[in-house]
Amino acid sequence: MIEGILIGLTTALTFQNIFMVMIGCFFGTIIGMLPGLGPMTAIALMIPITYGFDPATGLILMAGVYYGAVFGGSTSSILLNAPGVPGTVATSFDGYPMAQQGKAGKALAIAAWSSFAGGTLSAIYLLFMAPSLSKVSLSFRSPDYFALMILGLTAIAAFSSKGQFLKAMMMVVLGLMLASVGQDSLSDITRFTFDNMNLTDGISFVLVVMATFAMSEALTIILKRNDPTAAAKQVSLTELGSIKINKEERVKMYKTIPRSSIIGFLIGVLPGAGATIASFLAYGMERNLVKDEEKEKFGKGSVNGLSAPETANNAACSGSFVPMLTLGIPGSGTTAVMLGALLGFGIQPGPRLYMTNPEIFWSVIMSMYIGMVVLLILNLPLIPYIARILAVPRTFLIPMILFFSVTGIYLMSFNNFDIYMMIGIAVVATILRLYDFPMPPLILAFVLGGLMEENLRRSLLISDGSWSFLWDRPLTLIIMITILTIVGWQIYKSFFKNN
Amino acid sequence: MNINTTKIISLLFFIFSAFYLYTAYQIQVFAFDENAPFNARTFPIYLGYTGLFFSGLKLILPDPDTIKVEHKTLEYKKTGILILIAIIYGATILKVGYFLTTSLFLFASYYFLGERRWILMFLLSFPFVAAFMYLLHGILDIYLRDPFLKSIGVMG
């Protein structure tokens, strides 16, 4: 492992890669700060750029963007009470009241230090957990992988859909259907192309991500422009206050950070759970653990109430890399986007990544930590200046997002058919978003579609067409029982709730 | 049964899944693969049935959390215009070229979204695209076909 860490450090600490982390953190913070635009949009916009670099550099850039966007989301939560992403909603519970009390600078500093500490601790957990999990996952066979992928898709549908499980499952199926367009990987038979040559290679992953996130996000913002709840709030950026944290506040954070980082990391590892659940759980747990006197401050600007969700959501971000790097199965929508990018580089994440491409495996882990340091060094003194980005008029912002989406797609294929297809998918995605159909399950399913079919093919061929492979091995059986429990419970819950 | 837009979307998805399933059955496979445990149409067929199952369930089960969208507050006109601009962009980019099409796309988007600061609009369209193009074409060596710039002798 020491050797791996050194390989990772050597790769991550080159001038180019450190520069990439800095650029990534900076742009991620800016994009994440804009209400409505989260880490997925930020990473989606970066994918076409990363294809110009080697895989390690590309991934390092994306990791920087990821952390930057998460931190940026916290900034808009604290300053505007407008969380950029669901993962920072809990941050606004105590961050915004602090800002209203004239302590915006302090709130941002607490958020930055908590994010840093949460990220640092979870990077350490990741360092120790990833290699051992990688070894365990080498014993996984095709049926286990197939079952695990269904579990990932079911879990993300159950967790990300706010009680709308069936809608999320419909999105999963739609994602898999989109992934099935084009040539069959084994027989080269074309499927669902309707004799259109442009579809022979299938639908590009970048196109789907850009359409469902960047472009549809921009269209949704314009569409909801008159919605009073979506109206931009004014904030006095000149009065941010001091960013110094006093001793009493530091003592409170020392207690909160370790426990919140553990809960955040463990929840991040679970497929589908992610930063949102982690931050809410950490907030709830912290509220139960503090003294009665502090408990009353929750919701009114509590240091513990701000530090807990911030630590947990960053720890969950690192945690979600564990299943992606070791099993090749992303734990969240954002890591699904990163998995797609990895596949684009020709790298198959999974237990063997640790052995075949140790420089990528370790440099991503090391760059996460470097990203945390960069975020703290870069963003803390720049907070007052970066916060001014919130004043960028949407009349310029939206066309710029559209420009980067459309240009990104055009530069990949130099084909206007892709532009039309992107517009079509973005329009459908915008309508679906309007009626609360979640998009992350669609992306996760799109990324996993090919792998799922491949593992099902192997499993069915080995078992000569019998579906008994789903219960032959104890591991597969356990995963299948978990899936059936989740699906059954979710359907029962919808039915029970209605009666 | 309470018919709402979510149900209509579910119904459309049900029809789409049925069409997908029909198309999946039409996929031509090699003769020796016809009765194999797994061929090119196996996975799509399962997907089609899964789509029918979940959209069917959504249609049948009551929907307590009906999403009410306030259509009056939505900006359909501006969104529609922007989509139209993007379609025109797609239709002209190959014939006219990257520079002029992208600059006009940005300028028109600013205008239709209500921006009227002409100098800023100009700076963030034509010079911005020129700089971006220089970055791609001049520095990163990504070839951009541009008949317009070629016709005026700027690009070779």
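Mentor: Helices here are DSSP runs of H or I with at least four residues, and strands are E runs of at least two. This is a predicted model.

Trainee: How many helices and strands does chain A have?

Mentor: Chain A has 21 helices and two strands.

Trainee: And what about chain B, how many helices and strands there?

Mentor: Seven helices and zero strands. Along the sequence, the pattern of chain B reads α-α-α-α-α-α-α.

Trainee: What share of each chain counts as buried?

Mentor: For chain A, 61% of its 499 residues count as buried. For chain B, 29% of its 156 residues do.

Trainee: What is the radius of gyration of chain B, against a compact globule?

Mentor: Chain B has 25 Å, whereas a compact globule of 156 residues would be near 15 Å. Its C-alpha atoms fill a box of roughly 60 × 55 × 25 Å along the principal axes.

Trainee: What about contacts between residues at least 24 apart in chain B?

Mentor: They make up 62% of the contacts in chain B between residues at least 6 apart in sequence. In chain A, residues 24 or more positions apart account for 79% of the contacts with a separation of 6 or more.

Trainee: Let's look at where the chains touch. How many residues of each are in contact?

Mentor: On the chain A side there are 53 residues, in contact with 53 residues of chain B.

Trainee: Which helix of chain A gives the most to that side?

Mentor: Helix 17 of chain A, with ten residues. Helices of chain A that each supply at least two residues include helix 7 (165-179), helix 8 (205-223), helix 18 (416-434) and helix 21 (474-498). By class, the side of chain A that touches chain B has 30 nonpolar, twelve polar and eleven charged residues.

Trainee: Helix 19 of chain A, does it pack on something inside the chain? I mean, at what angle do helix 14 and helix 19 of chain A pack?

Mentor: Helix 14 (residues 333-344) and helix 19 (residues 440-462) of chain A pack at about 30 degrees, with their axes 9 Å apart. Angles under 35 degrees count as roughly parallel, so helix 14 of chain A and helix 19 of chain A are roughly parallel to each other. The crossing of helix 14 of chain A past helix 19 of chain A is left-handed.

Trainee: Which residues meet there?

Mentor: From helix 14 of chain A, A:Gly333, A:Ala336, A:Val337, A:Leu339 and A:Gly340; from helix 19 of chain A, A:Pro440, A:Ile443, A:Leu444 and A:Val447. That contact has seven nonpolar, two polar and no charged residues.

Trainee: Now helix 10 and helix 12 of chain A: left-handed or right-handed crossing?

Mentor: Right-handed. The axes of helix 10 (residues 275-289) and helix 12 (residues 303-319) of chain A come within 8 Å and cross at roughly 145 degrees. Residues that meet include A:Ala278 and A:Tyr283 in helix 10 of chain A, with A:Ala308 and A:Ala312 among those in helix 12 of chain A. The contact holds ten nonpolar, five polar and one charged residues.

Trainee: Last one, B:Phe148. Where is B:Phe148 found?

Mentor: In helix 7 (residues 147-151) of chain B.

Trainee: Why does B:Phe148 count as partly exposed?

Mentor: Because B:Phe148 has 15 C-beta neighbours inside 10 Å, and buried takes 20 or more while exposed takes 12 or fewer.

Trainee: What is B:Phe148 in contact with?

Mentor: Leaving aside neighbours within four places in sequence, B:Phe148 is in contact with B:Val96, B:Gly97, B:Phe99 and B:Leu100. The C-alpha atom of B:Phe128, 20 residues away along the chain, is separated from that of B:Phe148 by 17 Å.

Definitions and conventions
Residues numbered from 1 in each chain as written. Chains lettered and ligands numbered in written order. Predicted model: local features only at pLDDT ≥ 70, side-chain atom pairs only at ≥ 80, totals over all residues. Axes fitted to C-alpha atoms, helices over the stretch in contact; angles between N-to-C directions. Parallel < 35°, antiparallel > 145°, perpendicular 65-115°, else oblique. Left-handed = near helix turned anticlockwise from the far one by under 90°. Contact = placed C-beta atoms within 7 Å. Nonpolar A, V, L, I, M, F, W, Y, C, P; charged D, E, K, R; others polar. Rg over C-alpha atoms; globule rule 2.2 N^0.38 Å.
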